[in-house]
Amino acid sequence: LLSDFVPDAIHLATEGPICLAARRWCLRRDFPFTTAYHTQFPDYVSARSGVPAEWIWRYIRWFHAPAQAILASTPSIRRTLVDHGLTQVRHWGRGVDLSHFHSGVTPNPTLAHLPRPLQLYVGRVAVEKNLEAFLESHHPGAKVVVGDGPARAMLEARYPDAIFMGARFGEELASIYAAADVFVFPSRTDTFGLVMIEALACGTPVAGFPVTGPIDVLNDAVGATAERLEDAIAGALTKDRVACALYGAGFTWEASAAQFLDALVPIQPALRAA
């Protein structure tokens, strides 16, 4: 399939089996390629299986080492990759669909009756997202979870006071962001956290732990981080929603696409013809 496509450049999006096959195909032909480090894969595997993360880093180093460039979304991830011997890192930021997520969104009326402050999580409902830290936090107010995943049934049973809305998209999701008083991002393993900038673009401040993702995306005007999630929530609730929306609007997909295209390494015609 790759030979028939005759690519001008090749980017390997993940470390999984399809890109593993494409990597082998490129190396056999001496084709340059770029890769991306999207998730803290070693930490995810460790959380699910108990396998030490450093064992998985051996595979990560091996997979990415031949790449002409490794695209990473934040300074923290760049440092992590460099610390593991992968130095050919290029920045590739993320964006928000500003046609949906913006300060003019009308708050979802179905949430208006809930106790304030309304604390919101949006994302995959799975063990690596550390949702228990959010659901067990003691800050007063309602807790709302938007999203689905393998841990949903267990968490719904364990935390009956929380509201699980399932997956929501587009304008409806934007209206839920706008209805929230604070967006809570409990993950300790994400490399960026696209949902944070969607929330900010809707004017909702963000609370999280001081780890990769929140420390790279947030600043003191739009969010707060702390080792006690209750402290981060309390801090985020003091932030100005106008400042949040202006900051979130600065993350555009146009800029992200330009960074991606600039990082690609074209395959020379002579190599393609060989």
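## Disulfides

How many disulfides does this structure have? The count comes to zero, where a disulfide is a pair of cysteine sulfur atoms within 2.5 Å. This is a predicted model, in which local features need pLDDT of at least 70 and side-chain atom pairs count only at pLDDT 80 or more, while totals for chains, interfaces and linings use all residues. Residues are numbered from 1 along each chain as its sequence is written, and side-chain values use heavy atoms, leaving out hydrogens and water.

Take Cys-26: its closest cysteine sulfur sits in Cys-19, 9.5 Å away, so that's too far for a bond. Cys-202 is in a similar spot, because the closest cysteine sulfur, in Cys-244, is 11 Å off, too far for a bond. Cys-26 is buried at 0% relative accessible area, and Cys-202 counts as buried at 5% (buried means under 20% relative accessible area, exposed over 50%, partly exposed in between, with a 1.4 Å probe and protein chains only).

## The sheet

Four strands (DSSP runs of E, at least two residues, numbered from the N terminus) form an open sheet in the order E1-E2-E3-E4, with parallel pairing. Its edge strands are E1 (11–12) and E4, each pairing on one side only. Two strands pair if DSSP finds at least two bridges between them; E3 (residues 69–72) and E4 have three. In one of these, Ala-72 has His-91 in E4 as its bridge partner.

## Around Gly-95

Follow the chain to the loop between E4 (89–91) and E5 (119–122), and you'll find Gly-95. Gly-95 counts as buried because its relative accessibility is 1%. Leaving aside residues up to four places away in sequence, Gly-95 touches Leu-194, Ile-197, Phe-251, Thr-252 and Trp-253 (contact means heavy atoms within 4.5 Å).
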